[in-house]
Structure formats: structure tokens, C-alpha cells
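This report introduces a structure to a reader who meets it here for the opening time. It is best read with the model in view.

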Amino acid sequence: MAEERKIVYQRPHALLPVNTNYCPGCPHGIVVRTVAEVLDELGIEGTTVGVAPVGCAVMAYDFFGCDMIEAAHGRAPAVATGCKRANPDNIVFAYQGDGDLASIGMAETIHAATRGENITVIFINNAIYGMTGGQMAPTSLPNQVTQTSPYGRDVATAGYPIRVCELLSTLDGVALAQRVTVDTPKNVRAAKRAIKKAFQYQMDGVGYSIIEVVSTCPTNWGLTPQEAFSWMRENMLPYYPLGVFRDVLAEGHESVAEAAIERAKDCPIVTEGGK
Amino acid sequence: MSEKVLMKGNEALAESAIRAGCRFFFGYPITPQTELAAYMSKRMPKEGGTYLQAESEIAAINMVYGASAAGARVMTSSSSPGISLKTEGISYMIGADLPGVIINVQRGGPGLGGIQPSQSDYWQATRALGHGDGQIIVLAPSTVQEMADLAYGAFDLADTYRTPVMILADGMLGQMMEPVVLPERRDELPEKPWATTGHKGQRPHNVVNSLYLTADALEKLNVERFERYEVIKREEQRAECVMTEDADIVLVAFGASARIARSAVVHAREKGIKAGLIRPITLWPFPTDAIEATIGTAKAYLSVEMNMGQMVDDVRLVVNGRKPVEFYGRTGGVIPTPAEVLAKIEEMNAKGGE
Amino acid sequence: MAATHNIVLAGFGGQGILFAGKVIASAGLIEGRELSWLPSYGPEMRGGTANCSVVLSDEPVGSPLVTAPDALVVMNQPSFDKFRDTVVEGGVVVADSTLVPNTSEIPGAKLCCIPATQLAEEAGLKGLANIICVGKLFAEVGFCDRETLFAAIDKCVPPKKAAMIEKNKQALEIGMNA
């Protein structure tokens, strides 16, 4: 008698059958897979265009099965903007790390967000430049030792880390800004729900969405994967608390446009229009 | 045929781009190209197109990159300091074989420089629009009519060869008005099967990329690209020759300075000096054939430019020591006068090609 | 063959200097001539001086920047002082004497002073001193046919301001007869 077999787990279609360049224990693999699962579940692989960054995810164009564009360092939101404006029916996402998104590409990030570009940004925050070998990132914590902050990040000279979701949540164009992590199966499931919501918002034309994934870099942190998650929980999560920082629909608005008008209700040119 | 209208160079160029099927414009304000962006902001919404004022020149060129990857006819415009910022994106477009049209309405430099007309970005346009092995096609209009015509043709060149194309104009051509006949609109555009428009489950995924971590793979691509450049050099060189057949002194000048050089040549002929003018319309590929055709008859060459002497390098490369090559130019935004150029021609004529 | 005209118009920003130049250029367009119009631009325009060069010719225009005008219109003192010595032998200078109080003869050139700004205000044509000056220049130089100049006004006044067409033509007449 033939044994009855059931598929309980397999490679998502939107994830190509290739080896990634990620280090063992790197959460990038989890996040890439999660995004691919979402593309499958929403049935949008064929209409999606992804934009890969410069950083550890630079080769992401080889991993995702959807059409892909490789952007210059930090420019993914601008590239995604051009792509989305050209073909508004495409689902366009950018996949970026902290150096790419919050340092060299901060202007592009903020302006894509404030324009309310109807794109989705997946942001991996592991507080370090991974690909170049562990330099200080815009999100490196105070006193964190990196290759270029060998005595620990000195806030007197290097300034303070940027809390991206908090920063972007002040902008009228942002529909969804949420911070998640992927250190446990439960958190992975929560991250997936957030990512799916972000893509759904884009499909529904709600506006710009960003999902920040607090992550680790075992290789450059010099820790085992489990130690790295522990360090992340102890040090990063208090600085970068998980949660929803902006969700216009949950706040009771129909869209970012409606929320923006309400916020500026005492400003006649906003509510009544120009000449 | 459309009627002749009076338009600024910047506006004629913009309208012509729209008629060539460009529906996406990303830019950032800078003098003296401002009218171009303003014109696009007025017209694009009416054409169902997109005008987007980017947060920076860098963002603008990367939006061009994204829209081009998505298969659109797309354009950006700026002036010299802004072009320096765009060179990053242009290099990536070269590396990813993306078409697109970039306008440089040049002003004086280096640094913040000035805002008066200049041709001091010749080296940048023909040698160094970003890092890495690579060239882009560079077109040099000399009249408002050519601002319109070359912009129109630039989109076809860009799509045919999958390369960025630059229109190297200057503040004079951008700001001045002349009568112009605008080209006819076209709506049928070339197919771009390589574009990232979503595979719809019907083809392998398309990737637009300039990263090749294997040296051999990158070398192979660069060699292939340069083979394409050889085709461009063979097929696309363009120059206008004015009274060069019997000329002793052959002037070489492009864009605004070619207008002045032409006046000087006419004055020289009136004085009995056999002068002629080669006006490169393509700066890259440089019209070597047009110069080569005069090498047997010319006694000397004179490059006239609004810079400290940049294109003269290319003239010397073609002439290759066979005849004297001299230079006359004004810089910083100063426009040379025909009288100044004529004086230089007379001085050279007196030397008799020594 | 009609003559070549190298014209410079200069004054303060806001006086309609560039528009006046455009009217002259449009006259050239209507008559199918070669022509160019080149404005000064940039910070100069911000409340400072504005000037433009117009060339009408039967040959393709070389430099559109007129450095030695045969016709000059000036609508303020600094412009008169700046451009008076650039005018060629036999040239014509039209000065708005309301705003150019200190004129001096220009050797070899004909100086025509008319109180254009004052005339405009008296005629209820505030802001059209520029066109009065164009009318005067036409009377002196005749850079096109009379009807062409009026047709150029039709061409240059934007549809939104169609009510201004008649006023502009009135201003032309005043200038021609001044």
C-alpha cells in the first residue's frame, strides 16, 4: 500500500532554486523566503518588480523569481519610483539594508515616503555594514564595537542611531510603518503578516509601506546565530522596539491623503485647494 | 507640416521629446535649464505622462533608471553641476544597457561656476560620464531647430543601441528663441522585451543589472559593449561641413560656438581667406571621417570652443600631427565674438599653415 | 533684401523688456526672416536689470548675443549708461526719458528721447511703456512692415490676456507718433 504523502513545506515559487550568498545563520534568508511566500500567496509574482540594493542583499535579483532591477547604493526608492510610475499596475518593492536605506540613501527614502509612492520597502536593520566587512552603520547602537568604531560608537563624535520607522511615521505619505523581527517561529509568522499587509496596501493603492526587520549579523558581530539573536533581543529591541508606528487604515482613515488633510485641517490651501 | 513657431530652445526641446513619445520626466531645478522642467510640468499631465520633481539630481537620474528599466521613454535635464551628480546613475545605465535621454544645458564651471553659457563639459560628456569603461552618444545642437530635432532622434538612438544619449546644449541655446518647426508626434514605440514589466508567468524573470562579480563575465560584457560602440562610430557620426572643400583653414566648432565660427568663416571668405567650418553634430562618436576628408586640402585646423580647449584634443587625435591644430576659446560664460575668431583666422592665414 | 537689425532692449525687470523683444522677433517670424531672441537670465532678472538681444536678418544668425547694436531701447538710467557706448555708427537709440533723466549725445548715433512711461500713464496704458518704445523704434528704423508689427502683437499676447491686445496696439500707435 502506497504511503500517503502530503507536502507540508516547500520552496516558494517566487524563490528561485539557487544558493544564496548569505552567511550561515543570517536572517536575510528567512526574510527573502518570507517575501517570496507572500508573493506566492498574493499571486503577484508575475506582476511584481523587485529592486535590489547594494549590500548583502545585492544579489537578491538572482533569488527572487519576479522581474528584478539592481539599483545603485541607496537609490532603490528612486529606482522603484521610476519603475512604479512607468507601470503603476506592477507591484514594486525595494529590499534594502541599513547602510543603503538610512545612510547613503536617506534622501531617497524620506522623499519616496513623503511622496506616498505606492511601493513597499523591506528594510533589514542589523546595525552594521555586512557586505563590506562590519563597519559602523547609521543604526549601530551607542558603544557598539564595529570595524570603524573600534572603541565603540562614540555618540559625541559619531552621533546617534536613526530609528527609521519612528522617523518615517511623521510623514504624511506613509501608509504603513511597522517594525518586526524574525528570531522565533512566532515572530517570523508575525513578520510575514506584516509583509503581506504591506504588499496588500500597495495592491489596494493605500500608499508607501515599510517593514523594518530588526536583524542580526552573526559573522560581523562575531557571535553564533543564537548568541546574535540573544544580543539583538537584549540590545537592539529596547532601542528599536517592535510595533506598528503608522497604519493609516487602523487609524481610521481611508487613505494617506485623507489622513494628511485631517492633520492639516486648519490650513486653508490644503483643505480648499489652490487657485 | 507644422507651422513655424517662435520658441525657446529649452521649450522646443521639451515639446519635441514629448512628440517622440517621452512620457516620463524626472528633474531638479537648476539654471539655465529651468524652462525645460517647467514646460514638462505643464505639458506632461495633459499628455497622461509623469513630471516628477525629484529630491536631488541623483534621485532624478535613478528614477530615469527605474522608468527605463520598466520600458518607458524617459528623460532628465540639468545643467553642469547637476550633471556631475547624475554621473553615478549614467554609469549604471551604461552598465545595465538602459536607454534614456539626458540633457545638459551647460553653464560655466568648475564648481558652482557661473550661469552663463559654456561648453566646458565636453570632456565630461565624451570621456567621463561616470566611472568604468563606457561611452554614451553625445549630440550637440547648434540652433533651436536642432534642439528639437536632435532631442526627437535621441530617443530612437537610445532605444536602438540601448544606451543613454546626452544632448549637450548650453545656456545660450536653451534660453534663446528662434523659429522652429516641431516634429510630428509619434505613438508607435519600439518593443522592449528585456524590460522589467512583470513576467506574468510567461517568461523567465528579466533582470536589469550592472553587477558581475566574475572578472571574465564582466570583461566579456564590456568587450561586447565596445563592439556595439564600433557600430555606433561607423553608423552614427554626424557633422555639417561649410565651405570646407577648398578651405586652407578649417575651423572645428560645435553648438553655440559653431554659430560664431560660421560668421567668422563668412567674414574671412569676404576678405579672401579660404576658411571653412566642420561642425560636429555628434560629439561622441566624434566625426573623424569629416575631418579626415579635409586632411589633404587643409593647411591648418582651428578648434573654436567656449572653454579652455577640450574638443581640440579630439581634433588633434584625428589630425595626428599631419597638420597644425590651433585653439581659440573663451571661458567662464564669455561668448566669443566673430571678430575675435576672425582675427585668429587671419593670424593663422598669415602663417600659411606652418 | 531687407537690412539686418541687431537690437538690444534693456531696462529693469518687470518693465516688459523681454516681451518687447519678443514682439520684434515675432514680426520677423511673420515675415519669414532669420531671427534670434536672447534674454539675459539668472539672478540678473531678480529685480535687477533685464535685457535682451534681437537679431533680424536674411542670413542665418551667427551669435544671437548682440554686442554692437544698431538699435538700442533703454528704459532706465543704468541701461543707458551701460549700453550707450556699444551702439555702432549710424545706430538709433530710443530712451524712455521718464526713467532716463541723464542722457547725453552719442557720437555717430541718433538719440530719440520719449517720455514713454509718462505717456503710458497719461493714456491709461500703465505698464505699456515698453510697447510705446517699440513703436518709436519702428518709426525710426522700420524693422518690418507696419501691419506685421500689429500682427506680432496678436501673436505675442497670450489668450488669457486677450483684453490687452487693443491696449498694446494703442501703445504702438503712441510710440509711432511720439
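Helices and strands are here DSSP runs numbered from the N terminus, a helix (H or I) having at least four residues and a strand (E) at least two. With element names read in that way, the loop that holds B:Arg162 can be placed between α6 (144-161) and β7 (164-170) of chain B. The model is a predicted one, and the description below moves from the chains and their contacts to single residues.

**How the chains meet**

Two pairs of chains are in contact, and of these chains A and B share the most contacts. Chain A and chain C, by comparison, do not touch, since their nearest C-alpha atoms are 15 Å apart. The contact between chain B and chain C draws on 18 residues from chain B and 15 residues from chain C. On the side of chain B that touches chain C, the elements giving two or more residues are β1 (4-8), α7 (171-175), β8 (177-181) and α9 (255-270) of chain B. The helix α9(B) gives the most to this side, with four residues. Sorted by character, the residues of chain B on this side comprise 10 nonpolar, four polar and four charged.

**Chain C as a whole**

Chain C has six helices and six strands, and from the N terminus on its elements follow the order β-α-β-β-β-α-β-β-α-α-α-α. Its C-alpha trace spans about 40 × 35 × 35 Å along the principal axes. Is the radius of gyration of chain C in agreement or at odds with that of a compact globule? Because a compact globule of 178 residues would have a radius of gyration near 16 Å, the 15 Å of chain C agrees with that expectation. Of the 178 residues of chain C, 50% count as buried. Among the contacts in chain C between residues at least 6 apart in sequence, 58% join residues that are at least 24 apart.

**A covered helix in chain A**

In chain A, helix α3 (residues 76-86) is mostly covered, with 11 of its 11 residues buried. The buried residues of α3(A) include A:Lys84 and A:Arg85, and also A:Ala76, A:Pro77 and A:Cys83.

**Backbone features of chain B**

Four places in the backbone of chain B are set out below, two with a cis peptide bond and two with a positive phi at a residue that is not a glycine.

| Feature | Value | Loop in chain B |
|---|---|---|
| cis peptide bond, B:Thr31 to B:Pro32 | omega near 5 degrees | B:Pro32 between β2 (24-27) and α2 (34-43) |
| cis peptide bond, B:Trp284 to B:Pro285 | omega near 5 degrees | B:Pro285 between β13 (282-284) and α10 (288-292) |
| positive phi, B:Asp97 | about 55 degrees | B:Asp97 between α4 (80-95) and β5 (100-106) |
| positive phi, B:Arg162 | about 50 degrees | B:Arg162 between α6 (144-161) and β7 (164-170) |

Are the two residues with positive phi buried, exposed or partly exposed? B:Asp97 counts as partly exposed because it has 19 C-beta neighbours inside 10 Å, where a residue is buried if 20 or more other C-beta atoms lie within that distance and exposed if 12 or fewer do. B:Arg162, with 18 other C-beta atoms within 10 Å, is therefore partly exposed as well.

Methods
Residues are numbered from 1 along each chain as its sequence is written. Chains are lettered from A and ligands numbered from 1 in the order in which they are written. This is a predicted model: local features need pLDDT of at least 70, side-chain atom pairs count only at pLDDT 80 or more; totals for chains, interfaces and linings use all residues. Two residues are in contact if their C-beta atoms, placed from the backbone, lie within 7 Å. Ala, Val, Leu, Ile, Met, Phe, Trp, Tyr, Cys and Pro count as nonpolar, Asp, Glu, Lys and Arg as charged, and the others, Gly among them, as polar. The radius of gyration is taken over C-alpha atoms; the globule rule is 2.2 Å times the number of residues to the power 0.38.
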